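Me: I have a structure to go through with you. Can I fire off some quick questions?

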2 protein chains.
Amino acid sequence: MFNNSVYTNRREKLRSRIKDGIGFFPGNNESPMNYQANTYHFRQDSSFMYFFGLNQPGLSGIIDFETGEDYLFGNDVTMDDIIWMGDQPSMNERGSMVGIKNVLSTDKLQGFLQKGKKIHYLPPYRGETILHLSQLLDLSYQEIKDQTSMDLIQAVVELRSVKEEVEIGEIERMVNVAYDMHTTAMKMAFEGTYEREISGVIEGIALAGGGMTSFPIILTINGQILHNHYHGNMLKEGRLMITDAGAESELCYGSDITRTTPVGGTFSQRQKEIYEIVLKANVETIKATKPGLYYKNLHLKAADIIANGLKDLGFMKGNMEEAVNAGAHALFFPHGLGHMLGLDVHDMENLGEDHVGYDNEVRRSSQFGLAYLRLGRRLKPGNVLTNEPGCYFIPALIDKWKAEKKFEEFINYTKVEQYKDFGGVRIEDDILVTETGSRVLGKPIPKTVEEVEEVMK
Amino acid sequence: MFNNSVYTNRREKLRSRIKDGIGFFPGNNESPMNYQANTYHFRQDSSFMYFFGLNQPGLSGIIDFETGEDYLFGNDVTMDDIIWMGDQPSMNERGSMVGIKNVLSTDKLQGFLQKGKKIHYLPPYRGETILHLSQLLDLSYQEIKDQTSMDLIQAVVELRSVKEEVEIGEIERMVNVAYDMHTTAMKMAFEGTYEREISGVIEGIALAGGGMTSFPIILTINGQILHNHYHGNMLKEGRLMITDAGAESELCYGSDITRTTPVGGTFSQRQKEIYEIVLKANVETIKATKPGLYYKNLHLKAADIIANGLKDLGFMKGNMEEAVNAGAHALFFPHGLGHMLGLDVHDMENLGEDHVGYDNEVRRSSQFGLAYLRLGRRLKPGNVLTNEPGCYFIPALIDKWKAEKKFEEFINYTKVEQYKDFGGVRIEDDILVTETGSRVLGKPIPKTVEEVEEVMK
């Protein structure tokens with residue numbers, strides 16, 4: 001846990017942005033797996049962690065914007081609990097760890113909420129939380145969803161988007177755990193091994209660090225399938241293995257790193273050619289990252305590098321500026337360059353992607369590919385974001401576009417057809433926007449062709 | 001997945017037990033971690049798995065007890081899904097894998113449920129499922145909880161309690177994964193290692209098997225704290241490490257094994273003395289396990305062995321038959337001998353522990369210790385259960401009983417006080433009740449003092 005002043009300061013900053021009512025932050029409870037008492041690893045709500053810092057189930061926090069007081073709700077353990085669960089800090093002790101003097105038992109919560117003040121809360125995303133809010137506030141589920149506070153969303157996004165030094169340290173520590181995860185995966189990427197064996201071992205590394213993974217691991221020799229959580233394939237020489245995986249700390253800060261590894265340890269010529277294009281997009285857009293730029297423009301810069309690289313290899317043709325404007329590159333690079341990263345791997349996604357990644361200056365595009373860009377807005381010092389260009393040969397998408405004769409002026413389908421067994425390449429780092437430019441967070445994880453091949457020797 | 005006749009037969013057997021209405025089995029959906037799209041490992045509902053065998057989110061099954069028809073509800077993937085998720089079997093293909101011809105899209109479900117037939121469903125345990133049922137059936141949460149079907153609960157318990165050959169094979173395969181988890185933990189149990197490092201590695205082994213752990217791992221040098229999921233301690237010579245952990249297969253069958261390991265590789269004299277008592281309770285009650293016996297009596301036999309062993313060492317005194325009847329042994333052995341095991345680690349716990357482990361013949365005791373016994377009823381061939389006696393020195397409980405002068409005629413508190421730094425011992429195997437006796441499932445996991453010390457050499 002950070003020093004209690006961290007949490008007090010954050011609550012003060014929030015208070016300076018909202019003038020009426022109270023902010024109500026229900027913490028998460030245990031999440032049942034296959035019956036009530038058999039639960040998943042506990043995961044606290046990220047905004048509760050941000051303002052109240054306590055990583056236990058059964059807590060709620062209130063920030064009173066009118067009186068300046070903060071409240072923590074939760075129950076002390078009983079004698080029976082101590083017998084079964086061992087000694088636990090008291091609620092008063094927990095409160096003082098995060099700078100809160102007003103500590104009340106859970107049965108006081110409903111009465112407190114019914115004092116008639118305006119209640120600001122963030123959009124709930126778990127069934128248990130919706131049920132809980134519905135009972136506490138005597139509203140239907142639909143009303144619960146409709147009455148979330150836009151003022152609170154905007155103020156929380158504003159605060160959480162700019163990372164403090166202590167937060168950057170946590171993320172960097174988790175990139176270092178990801179270093180171990182990714183180099184271990186590379187060393188295991190030989191023919192005959194199953195994807196699940198590697199993903200199991202590297203998830204074990206995240207767990208051994210004391211937290212968990214920051215999202216379900218993607219580890220696949222079918223990288224062209226973007227949302228692929230199937231780990232049942234046996235690795236075969238000639239395939240590329242995409243590993244998209246990160247760790248999460250006990251304070252819930254995460255890393256999110258992708259590497260692409262040639263099964264067997266050596267890139268073939270055609271793998272190397274595509275890999276170098278993606279690497280160039282990653283390296284050049286990281287170099288260009290600085291405050292004041294629109295991330296949307298960095299995304300388009302990556303698209304431009306990929307399109308030109310593919311033109312050099314004969315996959316694309318014509319004017320690449322026009323091709324990228326029209327969205328033709330999205331056949332190969334159909335997702336965004338990146339997203340914010342912090343207490344959530346897609347930071348604050350539950351607050352609404354458009355509230356986090358876009359604003360009145362930059363609106364989300366509806367063009368295929370660009371529409372999937374999660375972050376388009378102007379960068380500020382303290383933003384932490386991912387940089388993750390990719391290049392894929394997706395048979396179903398190639399077939400569809402070819403049948404539709406889509407972008408025939410920009411795409412050489414004859415050449416593309418020959419790569420339907422290629423798979424995909426993605427390279428992802430976690431980047432801090434500094435006052436003057438940017439910095440890749442954490443210990444550098446092997447990334448060039450030479451570095452990756454060296455690890456696998 | 002098992003052969004489709006397995007599922008057809010199970011549904012037929014259920015139909016032979018309930019004559020009116022329909023059985024409605026909502027499958028589980030994804031479980032959000034910190035926002036809607038960042039989800040835990042998917043875990044299907046166990047009764048849905050039992051009757052409908054499909055391990056994907058977004059499905060529901062209906063068994064019509066009146067017409068003899070079965071129905072599967074779910075949506076086919078779209079072209080977009082194929083682009084992002086790769087090829088998926090169609091819903092009709094999924095239906096035929098589990099012997100179902102009537103396959104309908106999800107939007108047909110609500111109309112089907114509103115035909116006026118009596119709807120039997122099992123108690124929901126996830127917030128998402130309660131919300132879903134509430135919307136489908138137009139009932140409040142309280143009504144949803146109140147209107148679960150006792151007929152369906154009893155019929156499902158009757159079927160799932162007696163395991164088929166294919167189920168026993170799955171459980172046995174998962175005990176073999178637990179073999180690797182436990183022997184790995186033993187080999188890592190040396191001073192200076194952190195609990196989380198070991199629990200991370202062995203959870204990785206379960207994941208590498210293609211499934212997950214069957215419950216959150218307990219791995220602790222404070223085994224006297226029974227519900228201990230804290231993994232932050234560094235191992236120290238002189239402590240015992242309790243590891244209670246099992247794996248779950250892709251078909252959701254689990255194992256549940258406990259071993260106790262001396263940090264450093266050698267049991268001290270006093271550790272060995274307590275360990276041998278628990279081992280005797282485990283071995284003797286397994287030997288005695290056979291159809292027709294009440295599991296409650298096997299629990300009491302274990303209690304008797306532990307009490308007599310502790311009397312020999314001077315922790316207890318007087319008549320041990322009286323002591324066990326009165327519940328004095330529960331200071332050291334405060335939990336039950338075991339529970340059923342199958343698709344859930346506490347099998348069918350969501351259907352109500354008393355419906356699963358007790359019946360009209362045997363009712364749950366209210367005595368401290370015995371009250372925690374999850375399974376008391378008469379054993380049948382095909383039952384799979386855990387056998388997990390333990391002996392602990394729980395400082396908070398010792399202090400409480402001593403202050404209350406509880407069972408002073410049976411307990412030598414002066415001697416007990418000297419063991420407040422001991423920790424605890426538990427040994428657990430998974431047992432099949434056969435026609436004539438019982439069988440320990442899976443590859444034998446090192447259990448005697450000599451076997452455990454040998455692995456750690």
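Me: What distance separates the centres of domain 1 of chain A and domain 2 of chain A, taken over C-alpha atoms?
Reply: 34 Å, over C-alpha atoms. The model is predicted: local features need pLDDT of at least 70, side-chain atom pairs count only at pLDDT 80 or more, and totals for chains, interfaces and linings use all residues. Residues are numbered from 1 along each chain as its sequence is written, with chains lettered from A and ligands numbered from 1 in the order in which they are written.

Me: Where are the domain bounds in chain A?
Reply: Domain 1 is 4-160 and domain 2 is 165-455. Such bounds come from an automatic or database domain assignment.

Me: How many residues does the contact take from each domain of chain A?
Reply: 15 from domain 1 and 15 from domain 2. Two residues are in contact if their C-beta atoms, placed from the backbone, lie within 7 Å.

Me: Which element gives the most to the domain 1 side?
Reply: α8(A), with five residues. α2 (46-52) and α8 (150-161) of chain A are the elements giving two or more there. Helices (H or I, at least four residues) and strands (E, at least two) are DSSP runs, numbered from the N terminus.

Me: And how do the residues on that domain 1 side divide?
Reply: Nine nonpolar, five polar and one charged. Ala, Val, Leu, Ile, Met, Phe, Trp, Tyr, Cys and Pro count as nonpolar, Asp, Glu, Lys and Arg as charged, and the others, Gly among them, as polar.

Me: Switching to the two chains. What turn lays chain A on chain B?
Reply: 180 degrees, with a shift of 0.0 Å along the axis and an RMSD of 0.0 Å. That is the relation of a two-fold axis. The superposition is by least squares on the C-alpha atoms of residues with pLDDT of at least 70 in both copies.

Me: How many residues does the contact between them take?
Reply: 55 from chain A and 55 from chain B. On the chain A side, the largest share comes from α10(A), with 10 residues. That side divides into 26 nonpolar, 19 polar and 10 charged.

Me: At what angle do α6 of chain A and α6 of chain B pack?
Reply: About 65 degrees, with their axes 6 Å apart. Axes are lines fitted to C-alpha atoms, for helices over the stretch in contact, and angles run from 0 to 180 degrees between N-to-C directions.

Me: Which residues make that contact?
Reply: Gly127(A), Glu128(A), Ile130(A) and Leu131(A) meet Gly127(B), Glu128(B), Ile130(B) and Leu131(B). They divide into four nonpolar, two polar and two charged.
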